[in-house]
Structure formats: structure tokens, C-alpha cells
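User: I'd like to go through the labels on this one. Can you show me the model and then take my questions?

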Protein chains: 2
Amino acid sequence: MDNSIINQHISRQFNKEMEDIRNKVLTMGGLVEQQVDLATNAFMSYDMESAEKVIQQDQLINALEKDIDHECTEIMAKRQPAAFDLRMLIATIKIITDLERIGDEAARIAKMTMRIEAADYYQDKYYEIEHLLEMVKEMLNGALDAYARTDTEEVIAITAQDHKVDREYTSITRQLITQMMEDPRNITRALDMLWTARALERIGDHSCNVCEHVIYMVKGKDVRHLTHEELEKTVNETR
Amino acid sequence: MDNSIINQHISRQFNKEMEDIRNKVLTMGGLVEQQVDLATNAFMSYDMESAEKVIQQDQLINALEKDIDHECTEIMAKRQPAAFDLRMLIATIKIITDLERIGDEAARIAKMTMRIEAADYYQDKYYEIEHLLEMVKEMLNGALDAYARTDTEEVIAITAQDHKVDREYTSITRQLITQMMEDPRNITRALDMLWTARALERIGDHSCNVCEHVIYMVKGKDVRHLTHEELEKTVNETR
């Protein structure tokens with residue numbers, strides 16, 4: 001067997017390993033998306049069964065994180081990758097940390113839901129949370145899509161959405177504080193909504209982080225802590 | 001120049017680079033510790049000047065994160081490290097993410113402090129927060145110390161402390177909710193304390209994460225998502 005065949009073989013095996021990691025990240029991402037949806041809907045519709053399911057499934061996410069992390073490190077040690085491959089592995093290690101934290105936020109909403117007393121549940125007052133959920137689901141989905149397609153085309157739109165999420169979150173907070181002041185009997189329920197809104201706002205932040213890691217992976221640029229304008233400029237410059 | 005001299009030279013240069021990263025992480029850690037202290041005290045003593053300083057210094061932490069991250073990646077690409085060196089670089093990349101998030105929590109407390117109206121400030125009611133601050137400061141300091149000494153001797157004590165922090169946080173939350181219900185005029189101030197307590201509780205979590213990364217670096221074991229008993233067993237097994 002001459003060297004070129006060995007090299008081809010190694011490179012084919014390597015590509016397979018990288019593809020395997022990519023698929024696992026997308027599996028993990030899909031599961032995390034499902035958890036966010038399930039947990040928030042469990043909270044809004046007082047559905048204890050779904051809340052319980054979210055708490056159980058959180059372990060799958062944790063296991064996937066450890067598994068993917070381990071594979072990335074193994075490849076680094078064994079293959080000594082460079083350029084895009086190294087960036088993809090480093091970006092992946094960071095992305096799965098953010099995905100795991102999104103999973104944690106979903107689990108937090110689910111655990112809180114399990115503690116709600118039936119007396120504190122109101123069926124028809126969750127419009128704001130519903131809207132916030134839709135916005136962050138879109139962000140998370142877009143971020144995962146950018147990773148899947150190794151493409152930064154859509155990331156500017158996603159990070160722009162984060163400002164809307166922050167504004168919505170601030171507005172919800174204000175309304176809830178007013179409700180609490182008007183009638184102290186609203187306090188428990190308003191606090192539950194406050195924690196849920198906060199968790200969703202954090203999920204938006206983590207989705208932005210995923211976008212930043214994808215930009216690093218694709219463009220080789222570290223865009224963390226830039227203003228939205230600087231980020232947009234960097235992504236367009238290196239297109 | 002024969003090969004062994006070249007190798008010695010390379011290895012000396014490599015050691016210098018690794019040492020440089022270690023020192024930068026400890027500088028970043030020291031700064032983050034200072035920020036947590038400064039921000040929480042600014043909140044408790046209504047000190048706008050300190051709050052402002054925290055917000056400004058947050059940029060230094062962000063810059064250090066990017067700088068250290070870049071250096072770790074460069075070494076991975078250039079030196080293709082293995083075993084402990086590779087683990088140290090990967091652990092470092094994760095540790096600085098947690099340190100940066102601790103910095104974010106401190107900045108969050110500072111920003112909230114800047115928004116407090118003078119009328120909502122009460123001088124003598126922050127004992128619980130003070131106690132929580134002392135606990136998480138100890139955890140953060142211990143975690144950084146474990147990294148500095150490449151030693152897992154103390155990490156069990158730190159992660160055990162996290163349970164106490166969680167209990168303290170839950171107890172503070174309950175007290176604050178009672179205060180809100182008793183007198184709606186307490187709501188704004190109680191919420192500010194709630195956010196601060198929450199930020200401190202999160203800082204405790206991030207300090208635990210740092211400990212877990214140090215265990216991975218030193219022992220080569222991924223101990224995330226284990227119970228405290230499992231973690232203790234793993235650390236002792238591989239001593």
C-alpha cells in the first residue's frame with residue numbers, strides 16, 4: 001500500500017469522525033430545542049407530565065455533552081488538526097457548553113413548574129411569555145442551522161433579534177412588577193413568570209454565543225464582546 | 001546545533017508559553033474576584049462610583065478572555081500538544097469562559113445598582129447577601145488556587161460549599177417573598193436583592209465548574225454532572 005492510499009484512508013476516516021461529531025451536535029441541538037419548547041409549554045399549561053419529562057431528558061443532554069467533548073479531545077490528541085478542522089473542534093466544544101446551559105435553563109423552568117401550587121395557576125395570562133418563547137426558539141433554531149450549514153449568512157439577523165428579546169424581557173419585567181404592587185396576591189405567580197422570562201432571555205444570549213462560535217469556526221474571527229455594528233462589519237468584511 | 005539542543009530550546013519555549021497562559025488566567029481570576037467583591041459591596045452600600053468602576057473593568061476581563069483563548073488555540077495549532085498539556089489548554093479555554101461569566105454576573109449587579117433610586121436604598125438590611133458573598137468568594141478563591149497549584153486536594157470542600165450556597169439562596173428567596181407580601185412597598189428593593197442573591201448563587205456554580213475543569217486537567221477525568229459523592233469518589237480513586 002503506497003503512502004497516498006494510506007493518507008487517503010486516514011483522511012477518509014478523519015472526515016468520518018468530524019462528520020460524526022457534527023451529527024451529534026445537531027442531535028443534541030434538536031433535543032435542546034425540544035426541551036425549551038416542552039418546559040415553557042409545561043409552565044404555561046401547568047402540565048406536570050411534560051415538566052417531569054424535561055427533567056428526565058436533561059440527563060441525555062448532559063451525557064451528549066460529555067460524549068461529544070470527549071470525541072473532540074480525542075481527535076485533537078490523535079489527529080493534531082489545523083486550520084478549519086481545529087477551529088471546528090474548538091468551536092464545537094464551546095457550542096455544546098452553551099447548548100448544555102440552554103438545557104439547564106429549560107430544566108430550571110421545569111423544576112419551577114413542578115413546585116407551582118394549583119392555586120397559583122392562571123390559564124390565560126401567558127401571552128408575553130409565549131411571544132418571548134417564539135423569539136428565542138427562532139434564534140436557537142437559526143444558530144443551529146448556521147452550524148449545520150457552516151454558514152454565517154443568517155447570524156446577523158439572529159444577533160439583531162437578541163436586542164428585541166432584551167426589550168421584550170424588560171417590558172415583561174416592568175409589567176410584572178406593576179402587577180405585584182397592585183395586588184400582593186399576584187406576587188408568587190409574577191415571580192414564577194419573572195424566572196421563566198429570565199430563563200428565556202438567557203437562552204437568547206446562549207443562542208447568540210453559538211452564532212459567535214460559528215463565526216469563529218467559519219471566518220476564523222473572534223467576534224465576542226463586539227457591538228452589533230462591529231460584528232456585522234466583521235462578518236461582511238471576510239465574506 | 002544538534003537535535004537535542006533544538007528540542008530543549010523548543011521545549012523551554014513551550015514551557016514559557018504554557019507558564020504565560022497560566023499567569024494570565026490567574027491575573028484574570030484576580031480581577032474577577034475583585035469585581036465580585038466591588039460590585040456586591042457597591043450594591044450593599046449604594047456606592048455609584050464603585051458600580052461604575054465594575055462596569056468599566058468588565059471590558060478588561062473580556063479582553064483577557066479573548067487574549068488567553070487566542071494563545072491557547074495558537075499553541076494547539078503550532079505545538080500539537082498531548083496528554084497533560086492538551087488537557088491544560090482545553091481546561092483553560094473552559095475556565096476562562098466561566099471566569100468571564102462570573103465577570104458578567106458582577107457587571108449585572110453593578111448595572112442594577114446604578115438603576116436603584118436613592119429612595120429604595122436601606123442601609124442596614126444586607127446581612128444575608130453579605131454572608132452569601134463571603135461563601136462564594138471563598139469558593140472562587142479556592143477554585144483559582146486549585147488551578148494555580150494544579151491540585152485537586154481542596155476541590156471537594158469547594159463543591160460541598162455549593163450545597164450550602166444553594167440552601168442559603170433558597171432561604172433568602174423565601175424571606176424576600178415574605179417581605180414583599182407583607183408590604184408591597186418592599187417589592188422593588190426585595191427584587192434587587194433577589195437578583196443580587198441569584199447572581200451570587202450563579203457565581204458559586206461557575207466556581208464549581210472551574211473546579212471540575214481543574215479535575216479534568218489534573219486527573220484526566222470528566223466529572224461534570226456527577227453527584228457530590230460520585231465526584232468525591234473519582235477524585236480520591238485517581239489520587
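Analyst: Here are the labels, each set against its definition. This is a predicted model, where local features need pLDDT of at least 70, side-chain atom pairs count only at pLDDT 80 or more, and totals for chains, interfaces and linings use all residues. Residues are numbered from 1 along each chain as its sequence is written, chains are lettered from A and ligands numbered from 1 in the order in which they are written, and side-chain values use heavy atoms, with hydrogens and water left out.

User: What makes the relation between chain B and chain A that of a two-fold axis?

Analyst: Copies get superposed by least squares on C-alpha atoms of residues with pLDDT of at least 70 in both. Chain B lands on chain A with an RMSD of 0.0 Å after a turn of 180° and a shift of 0.0 Å along the axis, so the relation is that of a two-fold axis.

User: Why is the pair B:Asp69 and A:Lys94 called a salt bridge?

Analyst: The term needs a side-chain nitrogen of Lys or Arg within 4 Å of a carboxyl oxygen of Asp or Glu. Here the closest N and O atoms are 2.4 Å apart, so the pair qualifies. B:Asp69 sits in helix 2 of chain B and A:Lys94 in helix 3 of chain A, so the pair joins two chains.

User: Why is B:Glu17 called buried, and what is B:Arg79 called?

Analyst: Buried means under 20% relative accessible area, exposed over 50%, partly exposed in between (1.4 Å probe, protein chains only). B:Glu17 has 13%, so buried fits; B:Arg79 has 23%, so that residue is partly exposed.

Definitions and conventions. Helix = DSSP H or I, 4+ residues; strand = E, 2+ residues; numbered from the N terminus.
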